[in-house]
Amino acid sequence: MTIERSYHAMFAEATPMLAAVRVVGGQIKINLFSEKNTTDDEIEKEVNFSIQKGSATIKELLIGCSDAYSEGETLTVTLAETEGSISEEISTQSITIPTLTANEFERVSVTDNANANAIKVTGTVTIPAGASFMIYAVLTDETGSIAEKVNEIANKLEVTEVRTLTDTDVEITLENNVIFNCGGLTDLEIVLPASTTADFTCQVNFTSGATPDETSVTAPNTIVWLGDDIESDVFIPAANKRYSVMFYYDGVNFRGITQGV
Amino acid sequence: MFVKFIDENTIEKAPRVLRDDCYTYSNPKAETLFRFGYKPLIEAECPENGNYEMKYAETENKVIVMWSEIADEAEE
């Protein structure tokens, strides 16, 4: 996942900041707002941040305060499509800051838009005396660039064998560094190997049938799918496509990355 | 089309994905559909004369469409 750091004003009146970043798996948490009230009274602080998220999806805001908070103030999240200095707003949504328990973050969902590559968060928060207030944006990029991910895995694949399968109904037990080349399939069953190594990679290529639903795929529930023709986390081949599926072991699960053309 | 018989008025179309404890089946084949209780639907044309309503019946290996004649109110 990449973050484009841009210090241009993506929205005319916003000042983007990227104060802190932590990467957790396929997610990234970006600190949008971090203020400490050093006075003995509550103070109001303006929230005005924008970030360019590229292809990443904004999932939620994490909001926390070092003291109890119950003002219920509203933040406005604006999604936009930006190109250079040109910004076109796509949508806005109001986020009500929930009641916060001291030193605990609350998650507030944000609805993303596929066309948006930038986010702006604005509003006002009342920070209790002596307290710190923070807002993070949680972005995910599980899909990102499929081609990049496939290339990354393909580079790890040290092919020891290309095995051609001619049947239309095949059961494939994945093998490290093996490419299975199939023709048109009506039935594909994937079996995981009994043991694996950290750098396990395997590729399965096949052509789907001419009609929808013609090619069935049976796969272990533990495979995590990513890429083309994935619906509700399940790989459902479409008709008339040549698929290349890269399997690799991520240390916990087997993942299958599908590319269909 | 594969369906699951619910009652004489209701059938459920087979989904594109089925799951059991171990496996996920996308575009499942007939033997998998049978295992999950889905059977092929055998349709029949509605008779031309008279008033009919569609009903379903289940046999060991299929679900069939039947047309049940609706009694004419004038005759009652």
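Pro220(A) stands opposite Tyr23(B) in β4(B), so let's start at that cross-chain seam, in what is a predicted model. Strand β15 of chain A (residues 216–220) and β4(B) run antiparallel and are joined by four bridges; strands count as paired if DSSP finds at least two bridges between them. Helices (H or I, at least four residues) and strands (E, at least two) are DSSP runs, numbered from the N terminus.

**Ground rules**
- Residues are numbered from 1 along each chain as its sequence is written, chains are lettered from A and ligands numbered from 1 in written order, and side-chain values use heavy atoms, with hydrogens and water left out.
- As the model is predicted, local features need pLDDT of at least 70 and side-chain atom pairs count only at pLDDT 80 or more, while totals for chains, interfaces and linings use all residues.

**Where B meets A**
- On the contact count (heavy atoms within 4.5 Å), 13 residues of chain B touch 19 residues of chain A.
- The two chains bury about 1200 Å² between them, 43% of it on carbon and sulfur atoms; that is the accessible area (1.4 Å probe) lost on putting the two parts together, summed over both.
- There are two salt bridges between the chains, meaning a side-chain nitrogen of Lys or Arg within 4 Å of a carboxyl oxygen of Asp or Glu.
- One of them links Arg16(B) to Glu231(A), at 3.4 Å from N to O.
- Twelve residue pairs, both at pLDDT 80 or more, are in polar contact across the two chains; that takes a pair of N or O atoms within 3.5 Å, and within protein one must be able to donate a hydrogen and the other to accept it, with sequence neighbours counting only if both atoms are side-chain atoms.
- On the B side, β3 (17–19) and β4 (23–26) are the elements giving two or more residues, and β4(B) gives the most, with four.

**Inside chain A**
- Chain A has one helix and 20 strands.
- Of its 261 residues, 44% count as buried, i.e. under 20% relative accessible area (exposed is over 50%, partly exposed in between; 1.4 Å probe, protein chains only).
- Strand β8 of chain A (residues 118–127) is mostly covered, with eight of its ten residues buried.
- β8(A) pairs antiparallel with β3 of chain A (residues 43–52) over ten bridges, and Lys45(A) has Val125(A) as its bridge partner there.
- β8(A) is also joined by six bridges to β5 of chain A (residues 74–83), again antiparallel, with Thr76(A) standing opposite Thr122(A).
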